[in-house]
Amino acid sequence: MKITRITAVPLSYRLPEGKTVTMGIGSTLKRDCIIIRVETDEGITGYGEAHPGRSPGAITALVHNTLQPLLVGMNATDVVGAWQRVHRMQLSSHGLGAGTCLALSGIDMALWDIRGKAAKMPLYELLGGSHRRIPAYAGGIALGYQPAESMAEEAQSYVEQGYKAVKLRIGDTVKNDIARVRKVREVLGDDIDILTDANTAYTIADVRRVLPALADIQAGWLEEPFACNDFASYREAAKITPLVPIAAGENHFTRFEFGQMLDAAAVQVWQPDLSKSGGITEGVRIAAMASAFRIPVHAHSSATGLNHAATLHFLAATENAGYFEACVSKFNPFRDMFGSTFAIGADGCVEPPKGHGLGIEVDESIFEKYPMVDGPGYVVKF
Ligand SMILES: [Mg+2]
């Protein structure tokens, strides 16, 4: 079964007035996604999601002009071979590393969808897992900078839906952040796991002040306090307290960068994103590396039901799997455009889809509703 064509479809929507969320990387104006379609000579078509990297047009051009010619004609089930060819011929050799990794991730996901459809198996089964319940936290673009009472109220609304864990956006001022996390703990009580994400907005001085407060409220983790390549700060932060693990990985690409995290001995929670870090093939390798050191993998997940489904399958087949990041974004039509992918249960858990491959029926007629919008996805409020 040969690959005959690879297509990237960039989609966008603008956030309506009042639906903007502010966090450490700015305030959201619009959201983008890229759907990858891989066609074969046996009539099986696979779909994947590539993260748009705030530049959906560039990633789309990369798929069409550079990666497609490398892969057309290859065996569609040879995910290792396809991955290696893109890595050697483009990702590691022409200065477009992270962008190529985003594009490759979507292609790899689509190839796994093809493998599952060809084998007539759901992806979790193909990967060696089982249909099981997976704990989820309320995440996505939600719980942003707002008054402490309002954040606590929003968090409480997710608990009422069934969530046993919520993730708060911090990385504002240390004082505001501490006030917010304390208020949320007070309102939610002791039985809910409170996770925090600074979206790279902290300095090491900020982290020295915030971590004791996070330890005090028994936060589950502090995510991305620093830029992805600032391993020196990560190393320093890990020494401050053993009570709050440091999390990162949504901006780390391939097993080689996760290997650097291991070397730095500074990140105790790994968060690869299957639409960014190198796809399912690389996610399996990253999780295996982490498992040897008892590091849990709480995969980050992005915009559409394709990545959400891929992540659920992956977690259902990963020994050291942690939470599923359930997108509770205030306004995300991409999440449900192929139908609902997950439903939170009273036990705080979700399940992977049961259909073959990713188990998502893609209706391409929906794409015309979301034509790509150029321009910035976030603005920074000064
Ligand atoms: Mg994050």
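A residue counts as buried when its relative accessible area is under 20%, as exposed when that area is over 50%, and as partly exposed in between. Keep these cut-offs at hand. The model used here is predicted.

**Exercise 1. Classify two residues that follow a helix and a strand.**

Task: Decide whether Glu224 is buried or exposed, and do the same for Gln218.

Solution.
Step 1. Place Glu224. This residue lies in the loop between β9 and α8 (231–237).
Step 2. Take its relative accessibility, which is 1%. The limit for buried is under 20%. Glu224 therefore counts as buried.
Step 3. Place Gln218. This residue sits in the loop between α7 (204–216) and β9.
Step 4. Its relative accessibility is 61%. The limit for exposed is over 50%. Gln218 therefore counts as exposed.
Step 5. Check the backbone. Phi of Glu224 is near 40°, a positive value in a residue other than glycine. Phi of Gln218 is near 55°, again positive in a non-glycine residue.

**Exercise 2. Describe the metal site.**

Task: Find which residues coordinate the magnesium ion, and state how the donor residues are spaced in sequence.

Solution.
Step 1. List the donors. They are Asp197 (OD), Glu223 (OE) and Glu250 (OE), at 2.0 to 2.2 Å from the magnesium ion.
Step 2. Write the spacing of these donor residues as D-x25-E-x26-E.
Step 3. Locate a pair of them. Asp197 is in strand β8 (residues 193–197), and Glu223 is in strand β9 (residues 221–223). They are 26 residues apart, so the pair links distant parts of the chain.
Step 4. Test their exposure. Asp197 has 0% relative accessibility, so it counts as buried. Glu223 also has 0% and counts as buried.
Step 5. Look along β8. Ile194 is in this strand too. Its relative accessible area is 0%, so Ile194 is buried.

**Exercise 3. Map the largest pocket.**

Task: State what volume the largest pocket has, which elements give two or more residues to its lining, and why it lies between two domains.

Solution.
Step 1. Start with the volume, about 600 Å³.
Step 2. Count the lining of the largest pocket: 27 residues. Nearest the centre lie Ile25, His51, Glu250, Lys276 and Tyr378. Glu250 also appears among the magnesium donors.
Step 3. Find the elements. β4 (30–40) and β7 (165–169) give two or more residues to the lining of the largest pocket. β4 gives the most, with three residues.
Step 4. Sort the lining by class. It has six nonpolar, 10 polar and 11 charged residues.
Step 5. Compare with the domains. Domain 1 (3–120) and domain 2 (124–364) both give residues to the lining, so the largest pocket lies between them.

**Exercise 4. Examine the cavity.**

Task: Find how many cavities of 30 Å³ or more the structure holds, and which residues line the largest cavity.

Solution.
Step 1. Count. The structure holds one cavity of 30 Å³ or more.
Step 2. Give the volume of the largest cavity, about 40 Å³.
Step 3. Name its lining: Leu15, Lys19, Val21, Thr28, Arg31, Ile141, Ser329, Lys330 and Phe331.
Step 4. Divide this lining by class: four nonpolar, two polar and three charged residues.
Step 5. Assign the lining to domains. At least three residues come from each of domain 1 (3–120) and domain 2 (124–364).

**Exercise 5. Set sequence separation beside distance in space.**

Task: State what C-alpha distance separates Glu42 from Ile3, Gly46 from Ala76, and Ile194 from Gly129.

Solution.
Step 1. Glu42 is in the loop between β4 and β5 (45–50). With a relative accessible area of 55%, Glu42 is exposed. Its C-alpha atom is 9.2 Å from that of Ile3, which is 39 residues away along the chain.
Step 2. Gly46 lies in strand β5. Its relative accessible area is 0%, so Gly46 is buried. Ala76 is 30 residues from Gly46 in sequence, and their C-alpha atoms are 9.6 Å apart.
Step 3. Ile194 and Gly129 are 65 residues apart along the chain, with 28 Å between their C-alpha atoms.

**Exercise 6. Read an annotated span.**

Task: State which residues UniProt lists for the domain "Mandelate racemase/muconate lactonizing enzyme C-terminal", and what the helix and strand content of that span is.

Solution.
Step 1. The UniProt record, an unreviewed entry, lists residues 148–244.
Step 2. That span is 51% helix and 13% strand.
Step 3. The C-alpha atoms at its two ends lie 21 Å apart.

Conventions: Residues numbered from 1 in each chain as written. Predicted model: local features only at pLDDT ≥ 70, side-chain atom pairs only at ≥ 80, totals over all residues. Heavy atoms only, no water. UniProt positions renumbered as here; feature names shortened; annotations may be inferred. Helix = DSSP H or I, 4+ residues; strand = E, 2+ residues; numbered from the N terminus. Donors = N, O, S within 2.8 Å, 3.2 Å for Na, K, Ca; no water. Buried < 20%, exposed > 50% of the residue type's maximum accessible area, 1.4 Å probe, protein only. 1 Å grid on protein atoms, 1.4 Å probe; cavity = no way out; pocket = protein on both sides within 12 Å on 5 of 7 lines; lining within 4 Å. Points joined across faces, edges and corners; volume = space filled by probe spheres on them. Nonpolar A, V, L, I, M, F, W, Y, C, P; charged D, E, K, R; others polar. Domains from an automatic or database assignment.
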